[in-house]
Amino acid sequence: SLASNRFAAKKLHFMSLKLITAVIKPHRVEEVKKALINLDVKGMTVTEAQGFGRQSDHPETYGGNEYKVAFSPKFRLEIIVSDEIVDRAVDAILGAARTGKVGDGKIWVLPKDRLVRIRTGEEGNEAL
């Protein structure tokens, strides 16, 4: 039927969205934001976080003093992008977030089946 064909087309449209999650050092957030804006990314969500990786309890320097830290302060970024720019967005985050030091963070990408803009009800890429 026409309705089921329309639904199938919309579902394929939704499948082309990706959620990029990045956990990065706090002082790199603005650089990452600028890099993503240059790609015409429409927005991102930023949450303060704490974490540890392979180098748990490693020394870090804050304000000229060295501390042993069990959990390092991080920022968690969540960005939904179309499949067409996901690789460029990941590369932009890598370039802007990398310092070459322990604790630079991680990036992972997941498919998103549906995205809806609450205000307008727009869905899929139109809701970006």
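Buried residues, meaning those under 20% relative accessible area (exposed is over 50%, partly exposed in between; 1.4 Å probe, protein chains only), make up 30% of the 128 residues in the protein chain. The model is a predicted one, so to speak for its cut-offs: local features need pLDDT of at least 70, side-chain atom pairs count only at pLDDT 80 or more, and totals for chains, interfaces and linings use all residues. Residues are numbered from 1 along each chain as its sequence is written, and side-chain values use heavy atoms, with hydrogens and water left out.

The accessible surface of the chain comes to about 8,600 Å², by the Shrake-Rupley method with a 1.4 Å probe, where for residues only the protein chains shown count as cover. Carbon and sulfur atoms hold 53% of that surface.

On to the fold. The chain has three helices and six strands, taken as DSSP runs (H or I, at least four residues, for helices; E, at least two, for strands) and numbered from the N terminus. Along the sequence they come in the order α-β-α-β-β-β-β-α-β. Of the contacts (heavy atoms within 4.5 Å) with a separation of 6 or more, 72% link residues 24 or more positions apart.

Strand β1 is mostly covered, with eight of its eight residues buried. L17, L19, T21 and V23 point one way from the strand, while K18, I20, A22 and I24 point the other way. β1 pairs (DSSP finds at least two bridges between the strands) with β5 through eight bridges, running antiparallel, and T21 has E78 as its bridge partner there. Eight bridges also join β1 to β6, again antiparallel, with V23 standing opposite K106.

As for the core, nonpolar side chains in soluble globular proteins tend to be buried together. Here the largest nonpolar core (buried Ala, Val, Leu, Ile, Met, Phe, Trp, Tyr and Cys residues joined through side-chain atoms within 4.5 Å) has 19 residues, and I20, V32, I79 and V81 have the most contacts inside it. Two or more residues each come from β1 (17–24), α2 (29–38), β5 (72–82) and α3 (86–97), and α3 gives the most, with seven residues. I20 from β1 touches, among others beyond four places away in sequence, I79, V81, V90, I93 and W108.

L110 sits in strand β6 (residues 105–112) and is partly exposed, at a relative accessible area of 39%. L110 touches L17, K18 and L19, leaving aside residues up to four places away in sequence. The C-alpha atoms of L110 and I20 are separated by 6.6 Å, although the two residues are 90 apart along the chain.
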